Amino acid sequence: MQQANVLTGKAAIELNHVSYSDEGLDIIKDVSGSLPEGKITTFVGPSGAGKTTIFRLLNGLISPTKGDIQLFGENIQTIEPTTLRRTVGIALQDATMLRGSVYKNLAMPKTLQNQELKKEEAEHLLTQVGLDASFLHRDVTDLSGGQRQKVSIARTLVNHPKVLLLDEITSSLDRVSTSDIEHLIQHINKEFAVTIAWITHNLDQALLIGDYTWVMMNGELIESGSTDVLKNPVNPRIQEFVKGEWQ
Amino acid sequence: MSFLSLSLSLIFVLIPLALSKTLNLGLEKDTFVATIRSIIQLLAVGYILTFVFESGSYLFIILMVALMIGAATHNAQKKGVSIRGIIWKLVLTFLFIEVLTQAILLGFQITPPTAQYIIPISGMVVGNSMVLSILFLNRFTSEIQSRQKETELLLSLGGTPKQAIHLPLIQSIKASLIPTIESQKTIGLVQLPGMMSGQIIAGADPIQAVQFQLLILFLLLTTAAVTSIMLGFLSYPTLFNERMQMLKIKTGE
């Protein structure tokens, strides 16, 4: 079922026949594809398709069982893990917070490098993600789901990643917050030329913000290319999925 | 104490047996087995100690200590099955703490280098170290599991395994040390320690008994701190691979 990679241009990330198994279960099956540099690629597909696993592979939290992943032409297995994870940042769906203040969370990437995050920088980050600077000293337990997600994105940005992986970051947000985040991510993409990969269940969102898209099902990359893949699907499995999602 | 007196002390076993039978607690067999085992084990130890004390051979002292470390390792490793190589980590910890404490005691001539001192003190040190290891491993395993998301978050932000595991590790070390520190705060007020009580009953001067007990208490503080910290720092690296990825924790004992 594997389609040829139809993306053009320089790739920030390239996967070559990547498979990942855990406890005898094949979670990712021979996936080859790329994320074009400086573009937004959305990942769509039903739950359990392996999208989050791909992100964990890209961030280096797990390693492929077979195949290799290239980051700007370099095999990620040869890149020092902490460097890889700072270069390929990830914001997860559950927006895990560390106990304490918003500042403590924002400063953590710097703390891990024995550096300090200046208060002005932290306030600037907060306003960038649409939160008031007064949030800085709030306890994270006082934040709503949307606010936590914004703090999570701001925290990932502290490392100035070249690639940003966003795993369903707007799934728990209201329409206004979702729109704020979409604009923010587009701004980050354009302003800082950050390559973005975004998992979403919302096909409208995939069409709105994505330059490219990956459609994944059952651990396989069914198709990748421009978002036209979602508008006029040729593959019957994608047709069925898209039909189900629009209904 | 005469054998007649010791036999009469079995009344204290008959009371729980009678209570269990009357209230249908079903503990008669366990109580009986526990009593028989304690009689056999302690009498055997008594005869072995008499032999070792009389022989004056350091080889027997080393064998006794090795036996203690082996038994302590066997008991504690069940709580650390999720940590690779836990047996050797425990052996190393117990061995280190034994060498450290005896080096201080004998080096500064705090206690004489005889079996009468080395073996009972080693028993207390290794026994306490075993309890601390169990407390630490129990807490550490549950902390790792409950804080797995936080640990992975710190890794994903570019943290090293040491940074990512820092909080669960420190919490586990602190939690395992609390009982030792707390019990020392109330010692003498709530309970008289067993060794001190034993010495007083045997006719020793209470002040002399207190001095010895204080020595043991201070010794156990070192034992507790070194055990938890050493075991913690030996254990955490095995939770990650060379790519700084968190390995799956095996659950169950």
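**Figure 1. Chain B of this predicted model falls into two domains, domain 1 (1-55) and domain 2 (57-239).** Let's start with how these two parts meet. Their C-alpha centres are 28 Å apart. Six residues of domain 1 of chain B and seven residues of domain 2 of chain B take part in the contact. Between them, the two domains of chain B bury about 580 Å², with 82% of that area on carbon and sulfur atoms. On the domain 1 side, look for B:Val52, B:Phe53 and B:Ser55: this trio supplies 69% of the area that domain 1 of chain B buries against domain 2 of chain B, more than any other three residues.

**Figure 2. Chain A and chain B meet at an interface that buries about 2100 Å².** The size of an interface is often given as the accessible area lost when the parts come together. Here, carbon and sulfur atoms give 49% of the buried area. The contact involves 30 residues of chain A and 17 residues of chain B. Three residues of chain A are worth picking out in this view: A:Leu61, A:Arg85 and A:Leu112 lose the most area to chain B, and together they account for 28% of what the chain A side buries.

**Figure 3. One cavity of 30 Å³ or more turns up in a search of the whole structure.** The largest cavity holds about 50 Å³ of space. Both chains contribute to its lining: A:Ile90, A:Ala91, A:Leu92, A:Ala95, A:Thr96, A:Ser152, A:Arg155 and A:Thr156 come from chain A, while B:Leu153, B:Ser156 and B:Leu157 come from chain B. Two or more lining residues are given by each of β6 (88-91) and α5 (145-157) of chain A and α7 (148-156) of chain B. Of the elements involved, α5(A) gives the most, with three residues. Sorted by class, the lining has six nonpolar, four polar and one charged residues.

**Figure 4. Four strands of chain A form an open sheet with antiparallel pairing.** Reading across the sheet, the strand order is β2-β1-β4-β5. The edges belong to β2 (25-36) and β5 (74-75) of chain A; each has a single partner strand, so one side of each is left without a neighbour in the sheet.

**Figure 5. A closer look at the β5 edge of the chain A sheet shows β5(A) paired with β4 (residues 66-71) of chain A.** These two strands run in the antiparallel sense and are joined over two bridges. To follow the pairing by residue, find A:Leu71 and its bridge partner in β5(A), A:Glu74.

Note on methods: Residues are numbered from 1 along each chain as its sequence is written. Chains are lettered from A and ligands numbered from 1 in the order in which they are written. This is a predicted model: local features need pLDDT of at least 70, side-chain atom pairs count only at pLDDT 80 or more; totals for chains, interfaces and linings use all residues. Side-chain values use heavy atoms; hydrogens and water are left out. Two strands pair if DSSP finds at least two bridges between them. On a 1 Å grid over the protein atoms alone, a cavity is a set of points where a 1.4 Å probe fits but cannot get out, and a pocket is an open set with protein on both sides within 12 Å along at least five of seven lines; lining residues have an atom within 4 Å of a point. Grid points are joined across faces, edges and corners, and a volume is the space filled by probe spheres set on the points. Ala, Val, Leu, Ile, Met, Phe, Trp, Tyr, Cys and Pro count as nonpolar, Asp, Glu, Lys and Arg as charged, and the others, Gly among them, as polar. Domain bounds come from an automatic or database domain assignment. Contact means heavy atoms within 4.5 Å. Buried area is the accessible area (1.4 Å probe) that two parts lose on being put together, summed over both.
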